[in-house]
Amino acid sequence: MRLIALLVLVLSTSLATSLAVLAQQRFDFRVREDMFAGMDGDTAAFDRAMKLIADTLAADPDHAEALVWRGDGRLFLAVQAFQRGAIAEGQALTAQATADMDRAVALAPDNIAVRVPRAAALLPFARGTRPFNRPEADRMTRTAISDFEFVVATSTPWWSKLTEHGRGELLGALADGWLQLGDTAKAGPYLDRMTTELPDTPYAKNAALRRADPAAHVPLTCLGCH
């Protein structure tokens, strides 16, 4: 779940100038700190985040950002359920989470603040799911890729203004997604962009290693965030 925190923070920080007028309206500015703290083990913070989400949805059931964050929270709870062996509970939470996320994107398909939290939650979750349910994991990965591709395309006008960290995380997530699917041809252009656009960074170094050996145990995201 670390990828969720990193990518949402990266996008929110990088786009702060262009979105300054909307800063007070965006739901992620209100929920993210408690949600991230909760995912790091602060149960009280997680409960606060989920209560804010519940209260927001009670007032507006079609609040897309609240829906996607509820999906993130439910996916986090699903991971915990699977870890303690509560398989049926984990499966139910996963279904609820993905339903929330998909409905959120259907309501606001052009909202980066909706697409990023879905993608950043699904990509690592799919990795853990793949040994047990490859078709479902592949479906989740393709969904995450489509979201990240949308974000990169939408960010094109201000791409050069994003931090190296922000660009590296987005390109790394796309390369990682295609590599999870075993498609080195589609991962290659993103790995190449990491090496050419981000020289002398951990992103370029690791991308070059994965270009040489796609199966290498070298991460492409969450570089420098710990």
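Which helix does Thr 141 lie in? Thr 141 is part of helix H7, which covers residues 134-154. The legends below start with the whole chain and then come back to that spot. Keep in mind that this is a predicted model.

**Figure 1. The whole chain, built from ten helices and zero strands.**
Reading from the N terminus, the order of elements is α-α-α-α-α-α-α-α-α-α. The protein chain has 226 residues, and 51% of them are buried. Take the contacts in the chain with a separation of 6 or more: 61% of these link residues 24 or more positions apart. On the outside, the protein chain exposes about 10,400 Å², with carbon and sulfur atoms supplying 56% of that area.

**Figure 2. Close-up of Thr 141, a buried residue in helix H7.**
Is Thr 141 buried or exposed? Thr 141 counts as buried because its relative accessibility is 0%, and the cut-off for buried is under 20%. Setting aside residues up to four places away in sequence, Thr 141 touches Leu 123, Ala 126, Arg 130, Gly 177, Gln 180 and Leu 181. Two of these names, Gly 177 and Gln 180, turn up again in the next view, on the H8 side of the contact between H7 and H8.

**Figure 3. Helix H7 against helix H8.**
Helix H8 takes in residues 164-180, and its axis and that of H7 come within 9 Å, crossing at roughly 150°. H7 is therefore roughly antiparallel to H8, as the angle is over 145 degrees. The crossing of the two helices is left-handed. From H7, the contact uses Arg 134, Thr 141, Arg 142, Ile 145, Phe 148, Glu 149, Val 151 and Val 152. From H8 come Leu 170, Ala 173, Leu 174, Gly 177, Trp 178 and Gln 180. Sorted by class, the contact has eight nonpolar, three polar and three charged residues.

**Figure 4. Asp 176, a buried acidic side chain in helix H8.**
Stay on H8 for this one, since that is where Asp 176 is found. Asp 176 has a relative accessible area of 8%, so this residue is buried. Which residues does Asp 176 contact, leaving aside neighbours within four places in sequence? They are Leu 123, Arg 127 and Leu 220. Leu 123 is also among the residues that Thr 141 touches.

**Figure 5. Arg 118 and its surroundings in helix H6.**
Helix H6 spans residues 112-129, and Arg 118 sits in it. With a relative accessibility of 7%, Arg 118 counts as buried because that is under 20%. Once neighbours within four places in sequence are left out, the contacts of Arg 118 are Val 68, Asp 72, Met 101, Asp 102, Val 105, Thr 143, Ser 146 and Asp 147. Val 105 is 13 residues away from Arg 118 along the chain, and their C-alpha atoms are separated by 8.4 Å.

**Figure 6. Helix H3 crossing helix H4.**
How do the axes of H3 (residues 43-59) and H4 (residues 64-83) meet? They come within 9 Å and cross at roughly 140°. H3 and H4 are therefore oblique to each other. This crossing is left-handed. On the H3 side, the contact is made by Phe 46, Met 50, Ile 53, Thr 56 and Leu 57. H4 brings Ala 66, Leu 67, Trp 69, Arg 70, Gly 73, Arg 74, Phe 76 and Leu 77. The class count for the contact is nine nonpolar, two polar and two charged residues.

**Figure 7. Glu 89 in helix H5.**
Helix H5 runs over residues 87-107 and includes Glu 89. Glu 89 has a relative accessible area of 38%, so this residue is partly exposed. Apart from neighbours within four places in sequence, Glu 89 is in contact with Ala 81 and Arg 84. Leu 77, listed above in the contact of H3 with H4, is twelve residues from Glu 89 in sequence, with 9.2 Å between the two C-alpha atoms.

**Figure 8. Asp 200, in the loop between helices H9 and H10.**
The flanking helices are H9 (184-197) and H10 (202-212). Asp 200 is exposed, with a relative accessible area of 83%. Check the backbone here too: phi of Asp 200 is near 60°, a positive value in a residue other than glycine.

Terms used
Residues numbered from 1 in each chain as written. Predicted model: local features only at pLDDT ≥ 70, side-chain atom pairs only at ≥ 80, totals over all residues. Heavy atoms only, no water. Helix = DSSP H or I, 4+ residues; strand = E, 2+ residues; numbered from the N terminus. Buried < 20%, exposed > 50% of the residue type's maximum accessible area, 1.4 Å probe, protein only. Contact = heavy atoms within 4.5 Å. Axes fitted to C-alpha atoms, helices over the stretch in contact; angles between N-to-C directions. Parallel < 35°, antiparallel > 145°, perpendicular 65-115°, else oblique. Left-handed = near helix turned anticlockwise from the far one by under 90°. Nonpolar A, V, L, I, M, F, W, Y, C, P; charged D, E, K, R; others polar. Areas by Shrake-Rupley, 256 points an atom, 1.4 Å probe, with all protein chains shown as cover.
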